[in-house]
Each structure stands twice: as C-alpha cells, then as structure tokens.
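Biologist: I should like to go through this structure in order, from overall fold to single residues. Please show the sequence and the model before we begin.

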Amino acid sequence: MLKFKKEPIKNGKLWIIFGVLFLLSVPWYLPVGSYKPLILGIPYWGWIVILVSLAFSATITYAIKYLWITEEDPNMKEEEK
Amino acid sequence: MTGDLAFGGWSGVLIMAVYGLIMLAIGLITYFKNKNIRESNTEYYLGGRGLSVMVLFFTFYATQYSGNTIIGYAPQGYRIGFEWLQSITFMILVMVGYLLFAPRLYVLSRKFNFITPSDWLATRFRSKGITILGSILMLYGLGNYLLEQLVAVGQGVSGLTGGTVPYQLCVVFFIVIMLIYSWLGGMRSVAYTDTMQGIALLFGVFILVIGSIVYFGGLPSTADYMATFTPEKLGVPETDGIVGWFSMLVLVLIGASIYPHAIQRIFSAKNEKTLKNSLIGMAWMPFVTTGVILLVGIIGINAFPDLGEMESEKLVGMMANAIASENLFFYWAMILLFGGIIAAIISTADSVLLTFSSVISKDLYGRYINPKATEHKQIFVGKITGIIATGILLVIAWYPPATLYEIFVLKFELLVQIAPAFILGLYWKQLHSKSVFIGMVVGTIIATVMTFANITPFGIFSGLWGLLVNLIICVVGSLLFNISKSEKVEVDKVIGL
C-alpha cells in the first residue's frame with residue numbers, strides 16, 4: 001500500500017500561488033477595450049494571459065514532481081515478506 | 001469563398017477508409033494478443049491497469065481534446081476574439097483540478113480495485129442513493145459528450161468535404177468502426193487507437209495554422225483589421241465577458257477534471273510514475289492545441305468576415321478548403337488534417353462510450369440489477385447498452401439541437417453536481433452521507449430548472465448556482481449531523497491513509 005509523504009492538496013503555499021495565478025489569468029484589472037501595444041499581432045493583455053498560463057503550467061509541473069510523493073508503507077512490505 | 005471544391009471525389013473517401021482500416025487493424029491486433037480481455041472488468045475497461053507513459057499520455061490527450069476542440073473552438077475564437085484565450089487557461093485548470101484529487105484517488109483505486117468512478121462513491125458512502133444518482137449524472141454527462149462528438153463528425157465532414165462524402169454516411173461509418181474495435185479490445189484498443197489519433201490531431205492542428213498564416217496573412221494583419229472593424233474582439237473584454245470568463249474557468253476546473261472517462265484513465269495507469277509523467281505532459285498541451293486553434297479562429301476574422309453564428313461553425317472547413325486549393329502539398333496536408341479531426345472526434349467518442357458502458361454494466365447492472373452476473377455477462381450488457389445509446393444519440397445528432405459551444409456548456413451543469421461527494425469525500429471524514437445525497441439532488445434540480453428557464457444571474461452558469469447550493473447543503477448538513485460510530489470506523493478504513 002502506498003503512503004503519502006507529500007500530497008499537493010496539503011501544501012498551502014501551492015494553493016495561494018494557484019489562487020493568485022487564477023485571479024491574474026483574467027484581465028479584470030486592466031482598462032476595458034484597451035489593446036495597445038500590439039506585439040506580433042497579439043494585444044498586450046493577451047501576452048499577460050499567456051504568461052500567467054505558462055506560470056500555471058510550470059507550477060503544476062513543480063507540484064507533480066516535488067509535492068506529490070508517496071512511498072511504500074514499510075509495515076506492509078514486511079507483512080508481504 | 002472556395003467552399004465547394006477541395007475535398008471532392010476519392011481523396012476524401014480514401015483518407016476516411018484508410019483511417020478506418022488502421023483503427024480496425026489496431027482493434028484486431030489487440031484482440032488477438034489478449035484473447036481473455038472480455039472475461040474481466042479490469043482487463044476490458046482498464047486495459048489490465050498496464051498503460052505506459054506514452055500510451056497513457058496520448059489517451060489522456062486524445063480523450064481531453066476532441067474534434068470539438070478544433071471544429072468548435074476556432075469558431076468561438078472567431079466570434080469573441082482574444083477573449084477566447086481563456087481556452088488555454090481552462091485546459092490548464094483541468095490539471096489543477098486533478099491535483100485536488102488524483103494523487104489520493106490513484107492510491108485508493110489500487111487499494112480497493114476501482115473500475116469505474118462510481119466504485120469510489122460506492123466504497124466511500126455505501127449509499128445506494130449516492131451511487132445511483134452519481135452514476136446517472138455521469139451517464140448524462142457522458143451521453144451529452146458522445147452526442148457532441150457525433151454532431152462534430154457531421155459538422156466537420158460537411159465543412160471539409162463540401163458535401164461530397166454524405167454527412168450521414170460518414171457518421172455511421174465511423175461509429176461502426178469505433179464500436180467494432182471497442183468491442184474487440186476494450187480499453188487497450190481504445191488507448192492504442194487514441195495514441196495514433198492523438199498524433200494525427202497534433203499534426204493536423206499545426207498544418208492548419210501554418211497554412212492559415214501562409215495564405216491568409218499572419219496575426220499582425222488580422223489585428224489591424226480587427227482594430228478597424230471589430231475592436232471589441234481585440235480589446236480587454238467588458239464586465240459581462242470578464243464574469244463569463246471567470247465562471248467558465250470555475251466550471252471547467254470542477255467539471256472537466258471529474259470527467260468520468262478521464263478518471264478511468266487514472267485507474268488505468270501502470271504505476272504512479274507513469275501517471276505523474278503523463279499529467280505533466282498534459283499540463284503543457286493547451287499551448288500547442290487550444291492556443292494554436294485560437295490563432296486559426298482569429299485569422300478567420302480577417303479571412304472570412306461577417307459570418308453568422310451557425311455559418312461560423314463551419315469556419316475550419318472553409319479555411320481548410322481555401323488552403324487546400326492553393327497547391328498540391330497543402331491539398332494533401334489538409335486531407336491529413338481532415339483525418340486528424342475525424343481521429344480526434346472518434347478518440348474522444350470511444351473513450352466516452354467505454355466509460356458509459358462500464359457505468360451501466362458494472363454500477364447499475366452488476367451492482368443493483370443482477371448482482372450474480374459474471375463479469376463476462378456484465379461486459380456483454382455494457383456493450384449492448386452502449387450500442388443502443390449510440391443509436392439513440394445518432395438519431396438526435398441527425399438534427400443538431402444547438403451550436404457545439406452551447407452543447408459543451410450544457411453537459412457541465414449536471415456533471416459538476418457530483419464534485420462535492422467526489423472530492424470532499426476523499427478528505428473530510430465527517431462528511432454526512434444523507435447531506436451529500438440531498439445536496440446532489442437539490443443541486444441537480446436547481447441546475448436543470450435554471451438551464452431550461454435560461455436563468456443565469458450575474459452571467460454565472462446555472463450549473464455553478466446548483467453546485468453552490470449543493471455544497472452548502474453538504475457542508476452545513478455535515479456540521480450539524482454527526483456520523484455514527486460504526487460509520488466512522490468504516491470511513492477510517494477507506495480514507496484513513
């Protein structure tokens with residue numbers, strides 16, 4: 001049986017980061033109708049949304065790699081032996 | 001417009017036939033390699049819990065990104081412009097949703113041998129009401145999802161062939177192929193065909209965007225056009241758009257991650273490492289899938305201005321046809337895109353159908369209707385009901401009831417109502433079964449009534465209002481009523497990790 005050493009849901013900091021990214025991912029904090037400067041044909045706020053989304057993916061990758069750690073329960077292993 | 005010329009004649013038929021035959025061949029090979037597949041639920045519905053990283057990743061990918069992602073999302077980008085950047089974020093949020101429950105659910109699925117998502121509800125709550133209602137809500141969501149795929153096949157083929165390959169013929173052809181290979185090899189066939197289909201989907205999407213940029217001009221020229229004629233699609237959205245954007249994110253975060261067919265893939269992983277690596281890959285796919293498709297929709301604003309809502313649904317077909325008529329290379333590239341779209345639709349449909357069958361055969365038939373049935377018989381019942389359900393949905397798909405986008409939103413409304421039971425149940429030992437059940441019933445009623453009456457206060461989807469009430473009942477009920485001592489012991493056995 002697998003035992004949790006670290007579980008993403010129990011990491012408070014992770015969910016604060018997710019919360020901040022969530023709020024930043026929607027451009028409610030920018031002036032309605034604004035689009036200049038356009039960079040490569042994408043409005044400035046589009047780039048902000050894309051960058052926040054990249055940060056989201058990076059955070060998820062980190063969380064899966066380093067905050068989701070399980071290990072075999074040593075007692076169970078002994079029992080199996 | 002060059003809508004009628006490109007995919008006429010035998011090239012369209014040829015690519016359809018070749019794709020169909022490859023899928024059939026994969027089904028047959030899987031069948032001959034694993035002849036005992038249909039004697040055991042684990043073998044048939046979970047591929048013997050042995051899917052490797054690549055196969056698991058592509059089956060997640062092909063399942064999550066359907067034909068609708070290409071055919072339906074490009075028109076949505078066309079209609080609302082850069083506001084549809086939300087399609088990148090919400091696809092990423094699906095992965096955040098997984099982080100809420102996948103690690104724990106995976107461990108429990110190994111401990112208790114879950115086959116279907118309802119197995120989790122049954123193990124956790126030991127309540128007939130919750131298991132049956134949860135199964136029915138899942139069947140509704142899955143049926144809706146399958147319907148969406150059938151409509152997508154119709155829209156895609158009529159757009160892409162300019163009507164040369166008849167809409168109905170293509171739909172029926174691919175459904176029959178899908179039923180045969182799912183019947184033969186179960187999850188293994190589905191996952192292996194998904195791998196082939198996922199690669200075709202990725203390839204097709206990239207060819208389409210490259211062709212669009214080459215022949216219709218890149219984003220800068222489209223942005224100039226938008227600035228002059230449709231500035232609302234270029235600027236920061238107004239309050240309505242922002243509220244809709246937020247509620248879409250929340251709805252997908254909760255709704256899409258608990259898609260029953262996606263959950264079943266968590267159960268199918270060979271081991272934890274495989275699951276983790278597949279999910280990491282999935283976290284980056286929105287950029288190269290929904291992001292790229294948004295570009296196609298945006299470029300379409302300049303290429304095919306002023307299309308009405310239903311007309312714009314055929315945008316991808318129009319663009320592909322125009323690109324294909326430019327030269328022979330793009331002609332064949334668009335033929336491959338056509339195959340990729342069909343593959344994407346079928347790969348989602350087959351996953352949905354398999355899970356649909358498993359919920360009927362194991363959760364409703366095997367658990368309540370005929371508990372003495374052998375696994376072989378349960379699987380047989382699942383297959384037959386799967387075929388009947390597909391037949392019924394096919395009749396509905398003949399006359400699509402709404403745009404693909406509307407259908408897409410509709411299926412979440414009820415599916416999200418299982419979220420509190422599903423996710424809170426993993427962590428909160430005090431969760432009170434009766435409150436969970438009542439919350440689920442009330443949430444479902446509210447979401448249904450509000451959807452039919454078209455009531456969306458503050459622009460927030462009715463499913464979320466239902467979910468809010470559902471959650472309040474769940475939490476307040478659990479705080480007010482204590483669970484019995486014997487229940488406490490049972491719950492501890494399940495989630496006392």
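**Surface, fold and contacts**

Biologist: How much area does chain B expose, and what share of it do carbon and sulfur atoms supply?
Modeller: This is a predicted model, in which local features need pLDDT of at least 70, side-chain atom pairs count only at pLDDT 80 or more, and totals for chains, interfaces and linings use all residues. Residues are numbered from 1 along each chain as its sequence is written, chains are lettered from A and ligands numbered from 1 in the order in which they are written, and side-chain values use heavy atoms, without hydrogens and water. By the Shrake-Rupley method with a 1.4 Å probe, where for residues only the protein chains shown count as cover, chain B exposes about 16900 Å², and the share from carbon and sulfur atoms is 69%.

Biologist: Which secondary structure does chain B have, and why does chain B count as compact as a globular protein of its length?
Modeller: Helices (H or I, at least four residues) and strands (E, at least two) are DSSP runs, numbered from the N terminus; chain B has 23 helices and 0 strands. The globule rule, 2.2 Å times the number of residues to the power 0.38, is set against a radius of gyration over C-alpha atoms. For 497 residues the rule gives 23 Å, so chain B is as compact as a globular protein of that length, its radius of gyration being close to that value at 22 Å.

Biologist: What area is buried between chain A and chain B?
Modeller: Contact means heavy atoms within 4.5 Å, and 44 residues of chain A are in contact with 40 residues of chain B. In chain A, the residues that lose the most area to chain B are A:F22, A:W45 and A:W68, together 17% of what that side buries. Buried area is the accessible area (1.4 Å probe) that two parts lose on being put together, summed over both. Carbon and sulfur atoms give 82% of the total, which is about 3900 Å².

Biologist: Is B:T195 buried or exposed?
Modeller: B:T195 lies in helix α9 (residues 167-216) of chain B and, leaving out residues up to four places away in sequence, touches B:M54, B:V55 and B:F58. Buried means under 20% relative accessible area, exposed over 50%, and partly exposed in between (1.4 Å probe, protein chains only). Because its relative accessibility is 10%, B:T195 counts as buried.

Biologist: How far apart are the C-alpha atoms of B:R110 and B:F267?
Modeller: B:R110 belongs to helix α6 (residues 86-112) of chain B and is partly exposed, at 27% relative accessible area. Beyond four places in sequence, its contacts include B:F267 and B:S268. B:R110 and B:F267 are 157 residues apart along the chain, and their C-alpha atoms are separated by 7.7 Å.
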